[in-house]
Amino acid sequence: MGGGIFDVTNTSLVFWELVSFAILLILLYRFVYPVLREQIQRRQAAIEQAIEEAERTREEARELLEEYRRQMEEARQEARRILDEARRQGEAQRERTKAEARQEAERIIRQAREEIGRERDAALREVRQEVAEMVVQAAEQVLRREIDREEHERLIQAALDDLEAEVAGSVSGG
């Protein structure tokens, strides 16, 4: 008879298997489970610590990122300020250069006008000098003629001859 689960001959075997299994469970619970539990707790603690460390690291990274962004913004503002200052200084330098160039041009023009005036005055003095010399020469020529006694007597004689001719013509015609 036999063959079923509840066979009497097999009942003791099942019993002993159950007892052995229970003893195994007790031994496992008594000696292995505490070690496993401790290992699991240590592992859990390590994982939790790693997670906390990761959270701290992430928070630090977030703070560093915020600090980096703040510094980048400050650097951009500083760069804009420096650029604006450089533009302003460049514009001021360009205006100073233009004013200096304008003053230099005015100085050159003034000097050129003064030089032209001096040259014109010198030319006028030279022309006057030449005219004066020419007048003096002409006057000398005239005076030489007048001073020249023979010429003077010849001119007087010619004038007297002309006068006599007119007088004679008026008497004979008259």
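Helices here are DSSP runs of H or I with at least four residues, strands are runs of E with at least two, and both are numbered from the N terminus. By that rule, the protein chain has two helices and zero strands. Before going on, a word on the source: this is a predicted model, in which local features need pLDDT of at least 70, side-chain atom pairs count only at pLDDT 80 or more, and totals for chains, interfaces and linings use all residues. Residues are numbered from 1 along each chain as its sequence is written, and side-chain values use heavy atoms, with hydrogens and water left out.

I will begin with the surface. Accessible areas come from the Shrake-Rupley method with a 1.4 Å probe, and for residues only the protein chains shown count as cover. The protein chain has an accessible surface of about 16,100 Å², and carbon and sulfur atoms account for 59% of that. For single residues, buried means under 20% relative accessible area, exposed means over 50%, and partly exposed is in between, again with a 1.4 Å probe and protein chains only. Of the 174 residues in the protein chain, buried ones make up 1%.

Next, salt bridges. Side chains of opposite charge can pair when their charged atoms come close. The criterion here is a side-chain nitrogen of Lys or Arg within 4 Å of a carboxyl oxygen of Asp or Glu. The structure holds 16 of them, and I will go through three.

In the pair of Glu-67 and Arg-70, the closest N and O atoms are 2.2 Å apart. These two are three residues apart in helix 1, so about one helical turn separates them. Glu-67 is partly exposed because its relative accessibility is 30%, and Arg-70 is partly exposed at 39%. The pair also belongs to something wider: Glu-67, Arg-70 and Glu-74 are linked in a network of salt bridges.

Arg-69 forms a salt bridge with Glu-66, and there the closest N and O atoms are 3.8 Å apart. The spacing is three residues in helix 1, so again about one helical turn lies between Arg-69 and Glu-66. Arg-69 is partly exposed at 49% relative accessibility, and Glu-66 is partly exposed at 45%.

The third is Arg-87 with Asp-84, with 3.8 Å between the closest N and O atoms. Arg-87 and Asp-84 are three residues apart in helix 1, hence about one helical turn. Arg-87 counts as exposed because its relative accessible area is 55%, whereas Asp-84, at 39%, is partly exposed.

On to the aromatic side chains. Rings of Phe, Tyr and Trp, taking the six-membered ring of Trp, pair if their centres lie within 6.5 Å; planes under 30 degrees apart count as stacked, over 60 as edge-to-face, and the rest as tilted. The count by this rule is two aromatic pairs. Phe-15 and Trp-16 have ring centres 5.2 Å apart and planes at 75 degrees, so that pair is edge-to-face. Phe-15 is partly exposed, at 46% relative accessibility, while Trp-16 is exposed, at 53%. The other pair, Tyr-29 and Tyr-33, is stacked, at 5.3 Å centre to centre with 10 degrees between the planes. Why are Tyr-29 and Tyr-33 separated by about one helical turn? Because they are four residues apart in helix 1, which covers residues 8-147. Tyr-29 is exposed at 58%, and Tyr-33 is partly exposed at 38%.

Last, surface patches. They are made of residues with over 30% relative accessible area and no salt bridge; like charges are joined within 9 Å, and nonpolar side chains (Val, Leu, Ile, Met, Phe, Trp, Tyr) within 5 Å. One nonpolar patch of about 920 Å² includes Phe-21, Leu-25, Phe-31 and Ile-40 among its members. Leu-25 lies in helix 1, and counts as partly exposed because its relative accessibility is 41%.

For charges, Lys and Arg count as positive and Asp and Glu as negative, with His and the chain ends not counted. The place of a charge is taken as NZ of Lys, CZ of Arg, CG of Asp or CD of Glu. Which residues gather in a patch of negative charge on the surface? They are Asp-161, Asp-162, Glu-164 and Glu-166. Asp-162 sits in helix 2, residues 149-173.
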